[in-house]
2 protein chains.
Amino acid sequence: MSTIEQVALLAKVSVATVSRVVNNSAYVSEATRERVEQAIKKLNYQPNALGKLLRKETTSMVLVLLHSVDNPFFATIVQGIEKVAHENDYNVLICNTYGDTEREQHYLKMLRNHLVDGVVFISNTCTSEEINYLNATFPVVQVVEYLTDIDAAHYSIDFYQAGKDLMDILYKNGHRSIGFVHTGSTEIVSSKEKFRAYKDFLKERRLPVITNYPDECLFGYANAKKIAGDLLDKHPKTTAFFATSDLLACGIIDELNFRGKSVPKDAMVVGFDNTSYAYVGKPNITSVELNSFQLGAMAMEYLMSKIKNKPVAHNNKCLIPYQIIERESTKKDSR
Amino acid sequence: MSTIEQVALLAKVSVATVSRVVNNSAYVSEATRERVEQAIKKLNYQPNALGKLLRKETTSMVLVLLHSVDNPFFATIVQGIEKVAHENDYNVLICNTYGDTEREQHYLKMLRNHLVDGVVFISNTCTSEEINYLNATFPVVQVVEYLTDIDAAHYSIDFYQAGKDLMDILYKNGHRSIGFVHTGSTEIVSSKEKFRAYKDFLKERRLPVITNYPDECLFGYANAKKIAGDLLDKHPKTTAFFATSDLLACGIIDELNFRGKSVPKDAMVVGFDNTSYAYVGKPNITSVELNSFQLGAMAMEYLMSKIKNKPVAHNNKCLIPYQIIERESTKKDSR
DNA sequence: AACGGGAATGTAATCGATTACATTCTAAAG
DNA sequence: CTTTAGAATGTAATCGATTACATTCCCGTT
């Protein structure tokens with residue numbers, strides 16, 4: 001690769017002039033500009049960003065850290081982030097952490113080493129201390145999942161209330177034996193709050209808790225199926241399930257069908273996140289729309305303010321409204 | 001943020017010594033090391049990666065460019081890429097291009113500007129010229145989607161043969177009116193090859209072509225539903241559908257059910273990519289497993305060889321075996 | 001005592017850009 | 001014919017690290 005010096009040499013000008021041509025930053029005569037551009041083309045010169053970034057203090061890049069892109073739910077959040085980022089001429093780099101602290105630290109090094117201007121945590125694995133500490137030095141924001149009792153900003157929804165709303169739907173449809181199925185980390189706020197809502201709702205009505213939570217930390221569809229099976233073995237009268245995601249709800253429905261039970265006639269199921277699984281699954285699944293595009297956009301707006309040292313437009317600990325989307329899986333008269 | 005110089009000043013040593021302590025690269029007495037480490041802690045010093053990278057010629061980072069992370073199919077490829085990358089202490093940055101050339105160019109700048117050591121294209125929008133040109137200067141590889149007749153390496157499967165295999169399943173089940181449903185770009189090789197297989201298969205048997213391809217470029221489930229409806233309106237006798245992805249297959253089944261037709265009894269449907277949609281959809285969908293984890297891993301192995309200037313282990317234009325996964329959507333005796 | 005070698009540390013060049021400041025040149029104004 | 005403003009270009013410092021090379025110091029050998 002050629003450098004600015006080689007271009008300068010070929011064009012018989014100083015490096016300063018080449019820089020001026022490249023950045024269009026000051027007076028350059030037409031003739032010289034021509035000559036420099038020729039040289040650039042001839043040498044196929046591409047400015048080394050590192051040299052530039054070392055002088056400038058910003059990189060026009062932000063990092064998005066999430067568990068894994070295999071969850072389409074994250075894609076919508078990312079789109080919201082990207083919308084605002086692109087409006088500000090920022091690039092978005094997405095990294096999978098797989099809930100692995102070490103891996104996350106690896107990527108956070110990019111922040112600490114000034115390779116990116118800020119970080120959006122969609123699901124973080126750091127300690128409160130760590131994130132407080134990062135937040136004190138760098139632009140940082142949490143979206144959807146967040147740690148409470150820390151200084152860092154977050155944008156999310158009231159998972160507790162949404163959980164209660166879902167329980168209410170099942171309850172009003174006459175269900176009294178309601179299972180709770182969860183796979184994945186129990187450390188995250190969404191999971192904790194959903195479970196708390198589930199337990200509180202049952203406690204208020206003196207109904208039994210039927211769940212695997214928080215004993216196991218497994219992932220995905222097949223495990224949801226298995227867990228639903230286990231719960232049904234232990235509590236055969238269970239007629240409704242609260243799944244913490246739409247994909248899990250699909251797994252539960254599969255297991256119910258396998259046991260000759262039809263949804264919603266014999267049992268009802270609710271999911272969460274309103275992903276494509278909610279309408280791909282048959283029957284369609286009642287779910288919660290988080291408005292994740294908006295959440296991503298708001299979080300990025302906050303981050304941009306932080307990066308540009310401008311006052312922040314909205315409250316930096318913000319829970320926005322959600323919507324319950326009722327579908328076939330909780331409709332009495334359906335089918 | 002503090003710099004190496006400030007640390008040196010506080011520890012009363014030269015910057016060279018600080019660098020030696022940080023990198024553990026040469027003799028440093030215990031006492032000095034202690035002092036420097038104290039200073040580092042006190043100032044909360046974090047080395048600026050830019051300074052370092054400017055000297056070194058590598059960044060230990062690669063870029064993965066894909067259409068959008070909303071397709072869970074890509075997640076598996078990325079996992080394969082990450083496995084090999086992490087083995088080599090490389091970080092993986094994922095970027096959405098949304099099929100937008102301008103956006104892609106934005107990210108490719110990172111390659112040209114030496115901010116990353118290489119690029120994996122999962123779906124590229126550049127011209128053959130452009131990619132040839134990049135390939136001549138930088139480590140570059142294509143996986144799953146690729147441009148033919150260029151120098152750049154690719155790792156994929158034989159979409160044409162897989163398409164014929166799927167058609168064969170539908171044909172052997174007695175279907176003679178087979179529709180082809182596609183949404184998204186018709187420019188990509190997978191889409192072209194699947195369609196070519198479809199047409200050739202029908203031509204060989206003098207059967208009618210029933211498709212929207214390549215008139216419309218729409219995306220996703222809802223459009224698949226609509227297109228299936230249109231095709232059924234025009235060709236009511238259509239009894240089988242070749243969908244270019246599992247999600248589309250789900251949409252088609254939805255439309256068929258809506259019209260009172262049951263799958264596989266009244267009509268059969270096949271999908272592609274063997275994503276979670278294939279088993280979340282009811283009935284489960286016959287699909288093609290690309291072994292995308294392996295494809296990702298192989299592509300990354302190639303890229304690492306290129307980056308490290310080592311001989312490449314396997315052929316750099318490689319189509320690996322795929323598997324047809326037959327499920328309920330093409331089983332005659334099912335249900 | 002003189003010497004040699006390795007440990008410990010420092011000095012300064014270097015990576016590839018940007019940019020403040022200096023300098024030269026040109027043309028219009030007085 | 002000077003003066004002068006501003007256009008055009010160059011010189012060199014700078015960003016924050018790494019590292020080749022130089023230097024100093026200490027200790028064991030001869």
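Select A:N48 and DNA strand C to start: a polar backbone atom of A:N48 is 2.4 Å from a phosphate oxygen of that DNA strand. As you look around, keep in mind that this is a predicted model.

**Stop 1: around DNA strand C**

Stay with DNA strand C and add A:Y45, where a polar side-chain atom lies 2.9 Å from a phosphate oxygen. Now move to A:G51, and the partner changes to a base: a polar backbone atom of A:G51 is 3.0 Å from a base nitrogen of DNA strand C.

Next, widen the selection to everything around this DNA strand. Which residues come nearest to DNA strand C? There are 28 residues around it, and the nearest are A:N48, A:R55, B:Y27, B:T32 and B:R55. Of the atoms of DNA strand C that come within 4 Å of the protein, sugar and phosphate make up 63%.

Try colouring the helices here. Helix 2 and helix 4 of chain A, along with helix 2 and helix 4 of chain B, each give at least two residues to the surface near DNA strand C. If you colour by residue class instead, you will find 11 nonpolar, 10 polar and 7 charged residues on that surface.

**Stop 2: around DNA strand D**

Now switch to DNA strand D. It is surrounded by 28 residues, and the closest are A:Y27, A:T32, A:R55, B:I4 and B:R55. Sugar and phosphate account for 61% of the atoms of DNA strand D that come within 4 Å of the protein.

Three contacts are good to click on here:

- A:S14 has a backbone N or O atom 2.7 Å from a phosphate oxygen of DNA strand D.
- A:T17 places a polar side-chain atom 2.8 Å from a phosphate oxygen of DNA strand D.
- B:Y45, from chain B, has a polar side-chain atom 3.0 Å from a phosphate oxygen of DNA strand D.

Which elements give two or more residues to the surface near DNA strand D? They are helix 2 (15-23) and helix 4 (49-55) of chain A, together with helix 2 (15-23) and helix 4 (49-55) of chain B. By class, this surface holds 11 nonpolar, 10 polar and 7 charged residues.

**Stop 3: the domains of chain A**

Zoom out and give each domain of chain A its own colour. Domain 1 covers 4-47, domain 2 covers 61-157 + 292-319, and domain 3 covers 159-289. Between the C-alpha centres of domain 1 and domain 2 of chain A, the distance is 39 Å.

**Stop 4: strand 4 of chain A and its neighbours**

Select strand 4 of chain A, residues 140-143, and show its side chains. A:V140 and A:Q142 point one way, A:V141 and A:V143 point the other way, and all are buried. This fits a general pattern: in a regular strand, side chains alternate between the two faces of the sheet.

Now add strand 3 (residues 118-121) of chain A, which pairs with strand 4 in the parallel sense over 3 bridges. Which residue of strand 4 is the bridge partner of A:V119? It is A:V140. To follow the path from strand 3 to strand 4, add helix 7 (residues 128-137) of chain A; these three elements make a right-handed β-α-β unit.

Strand 4 also pairs with strand 5 (residues 153-156) of chain A, again in the parallel sense and over 3 bridges. Click on A:V143 and you will see that it stands opposite A:Y155 in strand 5.

**Stop 5: a four-stranded sheet in each chain**

Still in chain A, find the open sheet of 4 strands with the order 7-6-8-9 and parallel pairing. Why is one side of strand 7 (210-211) and strand 9 (268-270) of chain A left without a neighbour in the sheet? These two strands stand at the edges, and each has a single partner strand. Further in, 4 bridges join strand 6 (residues 178-181) to the parallel strand 8 (residues 240-243) of chain A, with A:V181 opposite A:A243.

Now jump to chain B, which has an open sheet of 4 strands in the order 7-6-8-9, with parallel pairing. Strand 6 (residues 178-181) and strand 8 (residues 240-243) of chain B pair in the parallel sense over 4 bridges, and B:F180 has B:F242 as its bridge partner.

**Last stop: A:D89**

Finish at A:D89, in the loop between helix 5 (72-87) and strand 2 (91-96) of chain A. Is A:D89 buried or exposed? It counts as exposed, because its relative accessibility is 55% and the cut-off is over 50%. Finally, select A:K237 too: the C-alpha atoms of A:D89 and A:K237 are separated by 56 Å.

Key: Residues are numbered from 1 along each chain as its sequence is written. Chains are lettered from A and ligands numbered from 1 in the order in which they are written. This is a predicted model: local features need pLDDT of at least 70, side-chain atom pairs count only at pLDDT 80 or more; totals for chains, interfaces and linings use all residues. Side-chain values use heavy atoms; hydrogens and water are left out. Buried means under 20% relative accessible area, exposed over 50%, partly exposed in between (1.4 Å probe, protein chains only). Two strands pair if DSSP finds at least two bridges between them. A crossover is right-handed if, with the strands pointing away from the viewer, the path from the first strand over the helix to the second runs clockwise. A residue is near a molecule or strand if one of its heavy atoms lies within 4 Å of it. A polar contact is a pair of N or O atoms within 3.5 Å; within protein, one must be able to donate a hydrogen and the other to accept it, and residues adjacent in sequence count only if both atoms are side-chain atoms. Ala, Val, Leu, Ile, Met, Phe, Trp, Tyr, Cys and Pro count as nonpolar, Asp, Glu, Lys and Arg as charged, and the others, Gly among them, as polar. Domain bounds come from an automatic or database domain assignment.
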